[in-house]
Amino acid sequence: MENVAVLIVGAGPAGLATAACLSKFSIPYVIVECEDCSTSLWRNRAYDRLKLHLAKEFCEFPDMSYLVDVPTYIPKDIFVKYLDDYIDCFNIQPNYLTNVESSTYDNDKKCWSIVAHDMAKCTIVKFTTKFLVVESGENSAENIPMILGLQSFPGDVIHSSNYKSGKSYSRKNVLVVGSGNSGMEIAYDLATHGANTSIIIRSPIHVMTKELSRLGMTLAHRLPLNLVDNLLVMSVKFIFGDLSRQGMTRPKMGPMTLKSATDKSAVIDVGTVGLIKKGIIKVQGGISKIMGNIVEF
């Protein structure tokens with residue numbers, strides 16, 4: 001049994017930032033990570049063309065700025081290098097391959113009892129801690145929806161976390177299910193590599209440029225969100241026109257209010273909307289079933 005002041009679960013960006021802040025105030029902690037490296041989502045499960053969709057001033061970690069020559073929208077490789085430098089700077093030493101299996105809070109002792117599995121040593125590790133910080137990530141678990149006929153579909157089925165590049169999909173028919181930032185950017189990447197690309201857009205989405213997103217986040221510190229939303233929506237209409245003709249409708253809430261209320265982000269356009277308007281990427285509303293190679297919408 002190991003007694004620690006703070007136990008951090010997850011060595012992703014949030015876990016690393018928490019560890020650094022604790023170090024700054026000399027608060028002892030232990031950080032555990034089920035993968036064999038830190039920030040595994042960025043290292044192992046991100047597509048090649050990925051960049052941060054937010055401007056760098058909104059993505060700096062506590063007490064360590066980016067170098068002056070870093071681009072405004074940071075490519076994933078530069079971001080991973082920044083994370084490695086951050087780990088070195090604050091001497092963060094995660095316990096890798098350590099998977100938390102259970103946590104129980106003792107109301108009488110006012111502490112947590114944690115059971116973890118050290119997969120490298122094949123042993124059980126137990127912790128008691130006053131503070132438990134869970135940083136396991138909102139995007140850490142892949143989800144492939146159950147669609148009638150999917151199990152017998154003869155083609156490739158992959159989750160976006162396993163997608164790297166559209167190079168191997170040239171001249172193939174590809175359907176992207178989901179219109180969040182990953183889905184929209186992957187659709188663009190596929191189309192620019194010559195794939196016959198379709199994308200399913202079922203739910204209303206806000207689509208903005210990177211510059212509008214940057215403006216919105218800057219103004220949100222100074223103005224009421226409803227005023228910022230009105231400005232953003234008017235700008236989007238001017239830039240993109242009426243996207244409902246292409247199967248894209250907007251939510252009733254404005255983009256900043258929606259993010260604040262539901263944590264659902266706007267889609268940052270990387271060129272996908274232009275390819276949709278040209279008919280290069282086709283928009284579908286939803287799948288009813290799959291029969292062999294045929295997808296019914």
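1. A salt bridge here is a side-chain nitrogen of Lys or Arg lying within 4 Å of a carboxyl oxygen of Asp or Glu. With that in hand, you can start on the model above, which is a predicted one. The structure holds eight salt bridges. Side chains of opposite charge can pair when their charged atoms come close. Three of the pairs are worth a visit, and the next points take them in turn.

2. Begin with K24 and D63, whose closest N and O atoms are 3.3 Å apart. K24 belongs to helix α1 (residues 13-24), while D63 sits in the loop between α2 (40-44) and α3 (76-89), so this salt bridge ties together parts that are 39 residues apart in sequence. How accessible is D63? D63 counts as partly exposed, because its relative accessibility is 47%, and the exposed class starts only over 50%.

3. Next, find E35 and R45, a salt bridge with 3.5 Å between the closest N and O atoms. E35 is in the loop between β2 (29-32) and α2, and R45 is in the loop between α2 and α3, so the pair joins parts that are ten residues apart in sequence. Both ends turn out to be partly exposed: E35 has 27% relative accessibility, and R45 has a relative accessible area of 24%.

4. Now look at E185 and R49, where the closest N and O atoms of the salt bridge are 3.0 Å apart. This pair links distant parts of the chain, with E185 in helix α4 (residues 181-192) and R49 in the loop between α2 and α3, 136 residues apart. Is E185 buried or exposed? E185 is buried, because its relative accessible area is 4% and the buried class covers values under 20%. R49, its partner, is partly exposed at 29% relative accessibility.

5. Let us turn to the strands. Strands of a sheet pair through backbone hydrogen bonds, either parallel or antiparallel. In this model, five strands form an open sheet in the order β2-β1-β5-β4-β3, and the pairing is mixed. Which strands are at the edges? They are β2 and β3 (98-106), each of which pairs on one side only. From one strand to the next, the twist averages 45°.

6. For a single pairing to trace by eye, try strand β1 (residues 2-9) with strand β5 (residues 123-134). These two run in the parallel sense and pair over seven bridges. A handy landmark is L7, whose bridge partner in β5 is L132.

7. Next comes the empty space. A search of the whole structure finds one cavity of 30 Å³ or more, and the largest cavity holds about 40 Å³ of space. Its lining consists of H206, V207, M208, L232, V233, V236, R250 and P255. Two elements, β8 (207-208) and α6 (225-240), give two or more residues each to this lining, and α6 gives the most, with three. By class, the lining of the largest cavity has six nonpolar residues, one polar and one charged.

8. Finally, visit the second largest pocket, with a volume of about 170 Å³. Which residues line the second largest pocket? They are M64, S65, Y66, L67, D69, V70, I78, K81, Y82 and D85. Six residues of this pocket lining are nonpolar, one is polar and three are charged.

Technical notes
Residues are numbered from 1 along each chain as its sequence is written. This is a predicted model: local features need pLDDT of at least 70, side-chain atom pairs count only at pLDDT 80 or more; totals for chains, interfaces and linings use all residues. Side-chain values use heavy atoms; hydrogens and water are left out. On a 1 Å grid over the protein atoms alone, a cavity is a set of points where a 1.4 Å probe fits but cannot get out, and a pocket is an open set with protein on both sides within 12 Å along at least five of seven lines; lining residues have an atom within 4 Å of a point. Grid points are joined across faces, edges and corners, and a volume is the space filled by probe spheres set on the points. Ala, Val, Leu, Ile, Met, Phe, Trp, Tyr, Cys and Pro count as nonpolar, Asp, Glu, Lys and Arg as charged, and the others, Gly among them, as polar. Helices (H or I, at least four residues) and strands (E, at least two) are DSSP runs, numbered from the N terminus. Buried means under 20% relative accessible area, exposed over 50%, partly exposed in between (1.4 Å probe, protein chains only). Two strands pair if DSSP finds at least two bridges between them. Axes are lines fitted to C-alpha atoms, for helices over the stretch in contact, and angles run from 0 to 180 degrees between N-to-C directions.
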